[in-house]
Number of protein chains: 2
Amino acid sequence: EDEEEKELRQRFMAPPVSGLRELRRRRRELRSRMELLIMETQAEVCRALTALDPGASFAVDSWERKEGTGEPRGRPRTPAPRARCVLQDGEVFEKAGVNVSVVSGLLSEEAARQMRSRGKSLKAKDGKLPFCAMGVSSVIHPKNPHVPTMHFNYRYFEIEEADGTKQWWFGGGTDLTPTYLNEEDAVHFHKTLKEACDKHDPKLYPKYKKWCDDYFYIKHRGERRGIGGIFFDDMDSPSKEEVFQFVKSCAKAVVPCYIPIVKKHRHDSFTPEEKLWQQLRRGRYVEFNLVYDRGTKFGLLTPGSRIESILMSLPLTARWEYMHTPLESSKEAEILEVLRNPKDWVH
Amino acid sequence: EDEEEKELRQRFMAPPVSGLRELRRRRRELRSRMELLIMETQAEVCRALTALDPGASFAVDSWERKEGTGEPRGRPRTPAPRARCVLQDGEVFEKAGVNVSVVSGLLSEEAARQMRSRGKSLKAKDGKLPFCAMGVSSVIHPKNPHVPTMHFNYRYFEIEEADGTKQWWFGGGTDLTPTYLNEEDAVHFHKTLKEACDKHDPKLYPKYKKWCDDYFYIKHRGERRGIGGIFFDDMDSPSKEEVFQFVKSCAKAVVPCYIPIVKKHRHDSFTPEEKLWQQLRRGRYVEFNLVYDRGTKFGLLTPGSRIESILMSLPLTARWEYMHTPLESSKEAEILEVLRNPKDWVH
């Protein structure tokens, strides 16, 4: 028992929902392997960020507590379906969150309707569709305008149909939102993702790079949110094992694609004007997330969903100026050009 | 000609779209009277704000220019369908905009569909529905957290159906968003609006007060955006003349309901903590406007609409903190209570 607790503390930010023993017993099942992968990814990313911002530490919020009962805090009761790690107002990071969620139950009518509208045929047994969903998601907003914001999310979904067959798919992606363009960083970021994809199939990176540019589009501005990365959903071929291996490669690429960029720029000097431009770009981030992001919109419309977790993706601060237009040939105009016309960073 | 220009400058912030002579010639028509009312309201509000913030001045942006032709600026060419007055980063006001818009043309398929879904039966002639829409709208975000944000909008809509009959309606409202609750101010604001309504029908204020509380509801937070005011739409009875007189009373009440509150508090001292709470409340303002506001959503989805005008309602700066919860019995908790459970301020 003590050994297990020690191992938990070393490997994860919070105990896995399904329990370490149960995960070990069912270690060949993909669900267990995915749960371990998302927990490990959370821990890896949090540790890498903490190493760069030693003064700050992640607040871990991972247990379901009976609110308002006055019971002593901090003592684990039931493992919660969600483990949130949040860092706010550090030296390097303004706001960083890495969330894990593992839930199962019966699919709501509304969720089933939405999935069918995306082309899934779901045959329910007595109107019931047991499902299991798990994922890790994160947004990192640094303070320095020369360090880009990064977002990633990897998730797995499983639904049991009337005849007992299981529908399953993976989704996810990693993308970068710089305030200023640094071509070297953009190439490093995309190259690292491309290498992760290419190990599995050379067709994946170009396809998911384009999907990312298309998804993170702020239509009313005619701009992308950032310089992209990869994005995919409903991935269910060639096989469960192969897709899992692909997702694992992507998740393992998060730290190497982003952390070197933070290291390189975290002590860069910057002007008040550069900070201001960062704040205006943060405004666009808010616009994308509140107006277009599928996950955010779904969360806001779902009764009982945890608003604080859904809106954790928003920056600490943002700014909107009426009719702000960067000067021609400025560094601000340079990034806008790339947001309007996405580039291929690796060939 | 010179006399007319002089009069224009004295009475308005920008020349009326339809031209002063034309408006005079057709002075009995409701369209002309409404156009004058919205232009006068714009000028009244801008002047009142300027008087309180003498260092700042409104940038007026009212002419359609051929962009990029290198023609000298500032010379009127065609009166534009919109006149925007924007003040940014003044002493008292962080961001204040008062926009007027007068447009006519043929209703788009999408707009007609939306109106029919709101219960209007619109019989088109060869699929065409000529319309005319005009309105004044404004959001005032002050710097001092003890001065509330105010929003108002008054508009008129006319559609010509196949048989030549005209459908028409008015809409509008005025509402207040304080950072901290000041009961005296809340009562003054609501009382002034109630008096404007009561002159026409004592049923109007209670009905439109409730409509306002219902409309400015941030569902995912369980809070209203502010402490309300009045809000109405599709108002088309008892008669065009009577509704216009009601709207006129409301428009004339904007300055007396808001300006005394600004005067009273613009020099109040405040702490960094109070400024921070204001920034968090501004975040909620952004959430309401981007996620729920009908006008904003419609604007963002309409191709070719002017994004800068639509998003002028957003504050200059906003903030999102993960899991910020005010202390019990604090001033922050006091306003939250009222936003969660709207009060009747006048009886």
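This report covers the chain symmetry, two helix packings and the salt bridges of a predicted model.

**Two copies, one axis**

Start with the chains. A turn of 180° with a shift of 0.1 Å along the axis lays chain A on chain B, at an RMSD of 0.1 Å. The two copies are thus related as by a two-fold rotation axis. Which residue of chain A comes closest to the rotation axis? That residue is A318(A), with its C-alpha at 2.7 Å. The interface follows suit. Of the interface residues of chain A, 100% are also interface residues in chain B, so the copies meet through the same surface.

**Two helix packings in chain A**

Two packed helices are described by the angle between their axes and the distance between the axes. The table sets out both pairs.

| Helix pair | Residues | Axis distance | Angle | Handedness |
|---|---|---|---|---|
| α5(A) and α7(A) | 183-198 and 240-265 | 8 Å | about 165° | right-handed |
| α8(A) and α11(A) | 272-291 and 331-340 | within 11 Å | roughly 25° | right-handed |

Take α5(A) and α7(A). Their axes lie 8 Å apart, at an angle of about 165°. Angles over 145 degrees count as roughly antiparallel, and that makes α5(A) roughly antiparallel to α7(A). On the α5(A) side, the contact is made by E184(A), D185(A), H188(A), F189(A), T192(A), L193(A), A196(A) and C197(A). From α7(A), the contributors include F246(A), C250(A), P256(A), P260(A), I261(A) and K264(A). By class, the contact of α5(A) with α7(A) has eleven nonpolar, four polar and three charged residues.

Now α8(A) and α11(A). Their axes come within 11 Å and cross at roughly 25°. This makes α8(A) roughly parallel to α11(A). Helix α8(A) brings E274(A), W277(A) and R281(A) to the contact. Helix α11(A) brings K331(A), E332(A), I335(A), L336(A) and L339(A). How do the residues of the contact of α8(A) with α11(A) divide into nonpolar, polar and charged? Four are nonpolar, none is polar and four are charged.

**Salt bridges**

How many salt bridges are there over all chains? The count comes to 72. One of the pairs in chain A joins E7(A) to R24(A), with the closest N and O atoms 2.6 Å apart. This pair links distant parts of the chain, 17 residues apart. E7(A) sits in helix α1, residues 2-11 of chain A. R24(A) sits in helix α2, residues 20-25 of chain A.

Definitions and conventions: Residues are numbered from 1 along each chain as its sequence is written. Chains are lettered from A and ligands numbered from 1 in the order in which they are written. This is a predicted model: local features need pLDDT of at least 70, side-chain atom pairs count only at pLDDT 80 or more; totals for chains, interfaces and linings use all residues. Side-chain values use heavy atoms; hydrogens and water are left out. Copies are superposed by least squares on the C-alpha atoms of residues with pLDDT of at least 70 in both. Contact means heavy atoms within 4.5 Å. Axes are lines fitted to C-alpha atoms, for helices over the stretch in contact, and angles run from 0 to 180 degrees between N-to-C directions. Helices (H or I, at least four residues) and strands (E, at least two) are DSSP runs, numbered from the N terminus. Angles under 35 degrees count as roughly parallel, over 145 as roughly antiparallel, 65 to 115 as roughly perpendicular and the rest as oblique. A crossing is left-handed if the near helix is turned anticlockwise from the far one by less than a right angle, and right-handed if clockwise. Ala, Val, Leu, Ile, Met, Phe, Trp, Tyr, Cys and Pro count as nonpolar, Asp, Glu, Lys and Arg as charged, and the others, Gly among them, as polar. A salt bridge is a side-chain nitrogen of Lys or Arg within 4 Å of a carboxyl oxygen of Asp or Glu.
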